[in-house]
Amino acid sequence: MASKKINSDKATPEDSNSRRDFIKKSGLFTALALTPPSLVMASDKKWDEKIAEYLETVPLSIEVNGTKHNLNIEPRTTLLDLLREQLQLTGTKKGCDHGQCGACTVHVNGTRILSCLSLATMQQNAQVTTIEGLSKGKKLHPMQEAFIKHDGFQCGYCTPGQIMSGIACIKEGHANSREEISEYMSGNICRCGAYHNIVDAITEVKEGGKEL
C-alpha cells in the first residue's frame, strides 16, 4: 500500500522562535557536556549558577518607591520575596505567607494588595509603594504620625501592613465610620490587640483631610 504524504501547515513565527530557543539551549547543554570535568572544576566562574540563571529567570521591569529596577528573577518569586530578599526593603513583613494576616500589604498602582500572594512577574511595569516609600525624608506620612500619636502598635510587626491598609481604606472611601473602618481593615491582624487605637489613628487622618 502506498503511503500517503501528510501535509503540514507552514511554520509560524512562534514555531520558529521556539525551535531557535530549543536549539540554543540544547547547544548550551552539549557544550557543557563536552567540557572536560577537570576544566569545569578548576574554573571559579560558577557555571552551574550562570546556566541556572540563564534557563530559569525572566526579565522584570518594576518601579518601587519611585526607583526603577530592571531585574532577572525566577518566575516563582513572589512580590514579597522580591522586595525583602532582592531589593532589601524589609519593612514589608512576611507573616503567615498565605494572605491571611495582612502584614505584607503594599500598594501597586495605587491599590492595596497582599504581596505574598502576587508573583513578581505579574507586576511588569507596575508602580509599587511600600512602607519605606511613604515618608519624605524625615517627614513622616500623616498615617505614620497618627499611629505614633494614638499608640496604634505594640510589637510593631503588623504595623507596616496596617498603615498601608489604613491609607487605602481612606482612599477607597471606606472610612466613614468606626464600624466601616473596622470592617475594611479586618484583613489585617494585630496579635497585640491594638485595634481600637488603629481605628483612632485612621479616623483622625480621615477627619483631618490631609493629602495622602
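**Close-up 1. Helices H5 and H6 cross in this predicted model.** H5 covers residues 142–149 and H6 covers residues 159–171; their axes come within 10 Å and cross at roughly 120°. That angle falls outside the 65 to 115 range for roughly perpendicular and isn't over 145 either, so the H5 and H6 pair goes down as oblique. As for handedness, the H5–H6 crossing is right-handed.

**Close-up 2. Here are the residues where H5 meets H6.** On the H5 side, the contact is made by Met 143, Gln 144 and Phe 147. H6 brings Thr 159, Gln 162, Ile 163, Gly 166, Ile 167 and Ile 170. Sort the contact of H5 with H6 by class and you get 5 nonpolar and 4 polar residues, with no charged ones.

**Close-up 3. Five strands make up an open, mixed sheet.** Going across the sheet, the order is E2-E1-E5-E3-E4. The edges belong to E2 (67–73) and E4 (111–114); each has a single partner strand, so one side of each has no neighbour in the sheet. From one strand to the next, the twist averages 40°.

**Close-up 4. Zooming in on the sheet, E3 pairs with E5.** E3 (residues 105–108) and E5 (residues 127–129) run antiparallel to each other, with 2 bridges between them. Looking for the partner of Val 108? In E5, that's Val 128.

**Close-up 5. H6 shows up again, this time against the sheet.** The helix lies across E3, E4 and E5, and runs at about 45° to E3. H6 also has H5 to deal with, through residues including Ile 163 and Ile 167.

**Close-up 6. Thr 92 sits in a loop, yet is buried.** The loop in question links helix H4 (79–86) to E3. The relative accessible area of Thr 92 is just 2%; the cut-off for buried is under 20%, so Thr 92 counts as buried. Leaving out residues up to four places away in sequence, Thr 92 touches Leu 80, Leu 83, Arg 84, Ala 103, Cys 104, Val 106, Ser 115, Thr 130, Ile 131 and Glu 132.

**Overview inset. The whole chain has 8 helices and 5 strands.** Along the sequence, they come in the pattern α-α-α-β-β-α-β-β-β-α-α-α-α. The chain has 212 residues, and 33% of them count as buried. Take the contacts between residues at least 6 apart in sequence: 54% of these join residues at least 24 apart.

Methods. Residues numbered from 1 in each chain as written. Predicted model: local features only at pLDDT ≥ 70, side-chain atom pairs only at ≥ 80, totals over all residues. Heavy atoms only, no water. Axes fitted to C-alpha atoms, helices over the stretch in contact; angles between N-to-C directions. Helix = DSSP H or I, 4+ residues; strand = E, 2+ residues; numbered from the N terminus. Parallel < 35°, antiparallel > 145°, perpendicular 65-115°, else oblique. Left-handed = near helix turned anticlockwise from the far one by under 90°. Contact = heavy atoms within 4.5 Å. Nonpolar A, V, L, I, M, F, W, Y, C, P; charged D, E, K, R; others polar. Pairing = 2+ DSSP bridges. Buried < 20%, exposed > 50% of the residue type's maximum accessible area, 1.4 Å probe, protein only.
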